[in-house]
Amino acid sequence: MVEVRNVTKQYGGVRVVDDVSLNIAKGKITSFIGPNGAGKSTLLSMITRLISKDAGQVLIEGQEIEGWKNKDLSKKISVLKQSNHINIRLTVEDLVAFGRFPYSQGRLTSEDRQWIQEAIDYMELAPFRKKYLDELSGGQRQRAYIAMVIAQNTEYILLDEPLNNLDMKHSVQIMKVLRKMVDELGKTIVIVIHDINFASCYSDYIVALKDGRVVQEGKTEDIINTDVLQKVYDMHIPVQRIDGRKICVYFA
């Protein structure tokens, strides 16, 4: 389990994450939602140790995250940041191979190559494995980054805005893959996401944040609720049930 206890982060005297506590359920998709500036990405970055905490604790299976060795932590948690800039020209296969670095230290074994192949196949990228990243569409490139995360074979996968700059088709494709990873591979996934309808349709749990604090957290059925969403977004958002799923009509 991942436990967050009274975590705080401030910049320039402003608390962007303010005394946040929560538990991440294993084997589920948990989505962080909320307006810009709510502290979603900062919280995710502290959970993955990409940035330091000013106060509080993050426990990974009972051990404070600062106590984990880098090599051991990278076998337990993988993270995909909101923006990924690689300065060297890589093929899809090269990128996915980076996911095996915690195990191979750059010297790929037959087991590593099997993981790479399986990750590429899982993301339906076999026709593009030898293509360079700059030759791919945005959706294909994002799938390649997720394949890298799959190859890393961690129990916990944390994704910051995985749908950023993707069209509707590719966004649905990515969310279906994440759902499949949880249901078929038993992964635990945490997503920072802006589109509350994707959160509603694919998440098991939702953490709603505003001004650096948790407004409410719980099962998706309980959070996708007009009264809760009013507190989070300061706007009236009607919710309709379509094909058994709660859909937020926020464009009206």
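**Sheet edges and salt bridges**

Trainee: D183: buried or exposed?

Mentor: Exposed, since its relative accessibility is 55% and anything over 50% gets that label. Keep in mind that this is a predicted model.

Trainee: And which residue does D183 pair with in a salt bridge?

Mentor: R179, with 3.0 Å from N to O. Both sit in helix α7, residues 168-185, four residues apart, which is about one turn of the helix. R179 itself is buried, at 18% relative accessible area.

Trainee: Ok, how many salt bridges does the structure hold?

Mentor: There are 20. Among them is E61 with K76, where the closest N and O atoms are 3.2 Å apart.

Trainee: Where do E61 and K76 sit along the chain?

Mentor: In distant parts of it, 15 residues apart. E61 is in the loop between β4 (55-60) and β5 (63-64), and K76 is in the loop between α2 (70-73) and β6. K76 counts as buried at 18% relative accessibility, while E61 is partly exposed at 37%.

Trainee: Which residues are in the salt-bridge network with those two?

Mentor: K26 and E155 join E61 and K76 in that network.

Trainee: Got another one that links distant parts of the chain? Where are its two ends?

Mentor: Try E221 and K246, with the closest N and O atoms 3.6 Å apart. E221 is in helix α9 (residues 220-223) and K246 in strand β12, 25 residues apart. E221 is partly exposed at 42% relative accessibility, and K246 is buried at 17%.

Trainee: Switching topic. What's the strand order in the open sheet of six strands?

Mentor: β6-β7-β8-β3-β9-β10, with mixed pairing. From one strand to the next, the twist averages 15°.

Trainee: Why do β6 and β10 each have one side without a neighbour in the sheet?

Mentor: Because β6 (77-80) and β10 (213-219) stand at the edges, so each has a single partner strand.

Trainee: How do β6 and β7 run, then?

Mentor: Parallel, joined by four bridges, with β7 covering residues 156-160. One place to look is V79, whose bridge partner in β7 is L158.

Trainee: Which helix lies across β6 and β7?

Mentor: That's α6, residues 138-152, running at about 170° to β6.

Trainee: Last one: which residues form the nonpolar patch on the surface?

Mentor: M235, Y250 and F251, with about 340 Å² of accessible area together. Y250 lies in the segment after β12 (245-248) and is partly exposed, at 36% relative accessible area.

Key:
Residues are numbered from 1 along each chain as its sequence is written. This is a predicted model: local features need pLDDT of at least 70, side-chain atom pairs count only at pLDDT 80 or more; totals for chains, interfaces and linings use all residues. Side-chain values use heavy atoms; hydrogens and water are left out. Two strands pair if DSSP finds at least two bridges between them. Axes are lines fitted to C-alpha atoms, for helices over the stretch in contact, and angles run from 0 to 180 degrees between N-to-C directions. Contact means heavy atoms within 4.5 Å. Patches are made of residues with over 30% relative accessible area and no salt bridge: like charges are joined within 9 Å, nonpolar side chains (Val, Leu, Ile, Met, Phe, Trp, Tyr) within 5 Å. Accessible areas come from the Shrake-Rupley method with a 1.4 Å probe; for residues, only the protein chains shown count as cover. A salt bridge is a side-chain nitrogen of Lys or Arg within 4 Å of a carboxyl oxygen of Asp or Glu. Buried means under 20% relative accessible area, exposed over 50%, partly exposed in between (1.4 Å probe, protein chains only).
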